[in-house]
Amino acid sequence: MSMVFEIIGGALLLIGSIFLFLGGLGIFRMPDVYNRLQAGTKATTLGGMSLILGVGFLMVETNWAWLVKAAIIVIFIAFSNPISSHALARAMYKRKRYPIITSKDENMDAYREAYENEKKEEDA
Amino acid sequence: MIYIIYISFSFMIVGLLLAAIRFIKGPTAGDRTVALDTLTTILVAGLVLLGYVFGRYIYLDVALVYGVLGFIGVIVIARYLEGAL
Amino acid sequence: MIYLILIFFLLILMIGAAIYAVVQKDLLYAVIATGVISLVLTVLFYILQAPDVALTEAAIGVALTTIIFLITIRNTLRHEDEYNKKDKLKSPAK
Amino acid sequence: MKELTFNEKLERFILNWLFLMIVWVAFTTSFAVAELVTGAIVSMIISLLSIRMFTCCKLSILAPKRIFYMIVYFFVFIIALIKANFDVARRVLTPSLPINPGIVKFKTKLKTDYSKMVLANSITLTPGTLSVDIIDDTFYIHWIDVKTTDPEKAYKDIAWQFEKILLKIF
């Protein structure tokens with residue numbers, strides 16, 4: 001039985017650390033803030049979740065409380081990471097750092113219109 | 001088993017290095033804050049892994065506190081950038 | 001071996017962030033660098049087998065320091081150079 | 001904010017108390033009597049003080065059907081999260097960075113604030129999308145690879161798989 005937990009834990013550790021590395025690489029390579037947020041948030045969330053659960057599985061034989069506490073940390077990470085990235089994306093749009101748009105289509109930035117309407121209402 | 005932990009730490013260090021480079025290079029305040037957010041998540045995972053290496057249950061509490069509080073800094077910076085602090 | 005590399009890397013990261021925070025003219029970037037310093041300091045205390053100190057550093061360094069510094073920046077100026085250009089007898093508050 | 005009736009207050013109080021008790025047991029991970037009594041008293045005081053703030057739902061959220069859909073939602077979310085990560089890995093590791101970013105919008109059918117928050121968080125963690133803002137019931141989504149700018153099609157593409165389950169829960 002302990003062999004099974006060890007295999008599961010080791011596999012989760014490897015997967016998690018690879019995704020954490022990919023999150024760093026995504027932040028390094030992407031061209032603007034929004035794309036960096038996309039890569040950073042998704043990859044580090046799954047990476048952190050998987051690595052922490054892996055540690056929980058490795059120690060569950062000695063003390064089952066490790067798995068419970070690991071699950072709590074995972075839940076907190078899964079709730080707090082998207083909230084902070086959402087707040088940051090909105091703040092960057094309000095600082096007028098508009099996203100890079102490569103295609104020729106004119107409707108690609110649907111938020112600009114709503115944002116300017118809101119601004120007018122605030123001024124009036 | 002010990003080699004898996006070594007490999008995990010090496011991947012993590014490379015990820016930290018890339019995020020730190022983005023922190024120094026990043027043209028706007030937003031990029032630096034993204035880098036801070038990524039550093040926080042990677043280091044929380046690193047704290048849990050170090051807790052496994054030391055083998056003490058009480059060490060997980062530090063990672064828990066950092067996971068709960070870590071995003072407050074990012075949200076406060078975002079509110080400041082938005083002009084609504 | 002890998003732990004030694006980790007500790008060296010974290011030390012270099014912390015000292016680099018500290019130098020960055022001192023040199024940088026834009027005070028918001030300096031505050032973000034302060035966040036990185038307290039983050040790395042927590043991990044270093046943790047590696048040096050002092051989890052209670054690390055717990056305190058996490059609570060103080062992340063929440064309290066960042067919020068107080070940001071409120072200070074909001075009430076004064078964000079760039080250091082702006083203050084030099086203005087009349088120094090005037091209050092820097094907006 | 002409108003005034004709450006006594007029944008609503010009681011429902012919120014019981015829900016809050018249950019939730020805080022679960023959190024307490026998960027934090028202490030022990031079933032000793034002293035721990036449980038302390039936890040019950042502390043969480044009762046906290047939930048008395050925070051009736052107006054934290055709880056959103058009626059006690060009927062604990063009906064078995066809704067809990068079943070919550071578990072279904074959890075699995076759908078995990079599968080979407082894993083897909084999203086392989087998508088990110090593919091984009092990051094390709095040397096030419098295959099991205100075509102833009103912001104699209106769509107309208108949602110959800111009513112309460114909490115369900116909108118859950119939907120926005122789920123959208124942030126699914127393939128290639130990041131929620132930028134919510135104004136009333138319009139979502140503005142940054143999409144890393146825009147396939148359509150039509151709100152209806154974007155709604156089908158991004159949100160439908162979560163919202164059809166969320167409509168049954170809330």
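Leaving aside neighbours within four places in sequence, with which residues is A:Leu46 in contact? The legends below describe close-up views of a predicted model, beginning with this residue.

**View 1. Surroundings of A:Leu46 in helix H2 of chain A.** The residue belongs to the helix that spans residues 33-59. Once neighbours within four places in sequence are set aside, A:Leu46 is in contact with A:Phe19, D:Leu81 and D:Asn85. Its relative accessible area is 13%, so A:Leu46 counts as buried. From C-alpha to C-alpha, A:Leu46 and A:Ile77 are 9.5 Å apart in space, with their positions 31 residues apart in sequence.

**View 2. The largest nonpolar core and the contacts of A:Ile73.** This core has 112 residues. Those with the most contacts inside it are A:Leu51, A:Val55, A:Ile73, A:Tyr111 and C:Leu10. For A:Ile73, with neighbours within four places in sequence left aside, the contacts are A:Ile52 from chain A, together with B:Val44, B:Val48, B:Leu60, B:Ala63 and B:Leu64 from chain B. Another core, of 23 residues, lies apart from the largest one and includes D:Leu15, D:Ile141, D:Ala154 and D:Tyr155.

**View 3. The open three-stranded sheet of chain D.** The strands follow the order E1-E3-E2, and their pairing is antiparallel. Strands E1 (102-107) and E2 (129-135) of chain D each have a single partner strand and stand at the edges, so one side of each is left without a neighbour in the sheet. From one strand to the next, the twist averages 25°. Helix H3 (residues 65-94) of chain A packs on the sheet, where it touches E1 and E2 of chain D. The direction of this helix makes about 70° with that of E2(D). Helix H5 (residues 151-158) of chain D also packs on the sheet, touching E1, E2 and E3 of chain D, and its direction makes about 90° with that of E1(D).

**View 4. The hairpin of E2(D) and E3(D).** Strands of a sheet pair through backbone hydrogen bonds, in either a parallel or an antiparallel arrangement. Here E2(D) and strand E3 (residues 138-143) of chain D pair in the antiparallel sense over six bridges. D:Leu130 has D:His142 in E3(D) as its bridge partner, and D:Thr129 stands opposite D:Trp143 in E3(D). Two residues lie between the strands of the hairpin, in which D:Asp136 takes a positive phi near 50°. E2(D) is mostly covered, with five of its seven residues buried.

**View 5. Chain C and the loop residue C:Gln49.** Chain C contains four helices and zero strands, giving the succession α-α-α-α from the N terminus on. Of its 94 residues, 41% count as buried. Among the contacts in chain C with a separation of 6 or more, 54% involve residues 24 or more positions apart. The accessible surface of chain C comes to about 5,300 Å², and carbon and sulfur atoms account for 72% of this area. C:Gln49 lies in the loop between helix H2 (27-47) and helix H3 (51-75) of chain C. Most residues other than glycine have a negative phi. For C:Gln49, which is not a glycine, phi is positive, near 65°. With a relative accessible area of 44%, C:Gln49 is partly exposed.

Conventions
Residues are numbered from 1 along each chain as its sequence is written. Chains are lettered from A and ligands numbered from 1 in the order in which they are written. This is a predicted model: local features need pLDDT of at least 70, side-chain atom pairs count only at pLDDT 80 or more; totals for chains, interfaces and linings use all residues. Side-chain values use heavy atoms; hydrogens and water are left out. Two strands pair if DSSP finds at least two bridges between them. Axes are lines fitted to C-alpha atoms, for helices over the stretch in contact, and angles run from 0 to 180 degrees between N-to-C directions. Contact means heavy atoms within 4.5 Å. Buried means under 20% relative accessible area, exposed over 50%, partly exposed in between (1.4 Å probe, protein chains only). Accessible areas come from the Shrake-Rupley method with a 1.4 Å probe; for residues, only the protein chains shown count as cover. A nonpolar core is a set of buried Ala, Val, Leu, Ile, Met, Phe, Trp, Tyr and Cys residues joined through side-chain atoms within 4.5 Å.
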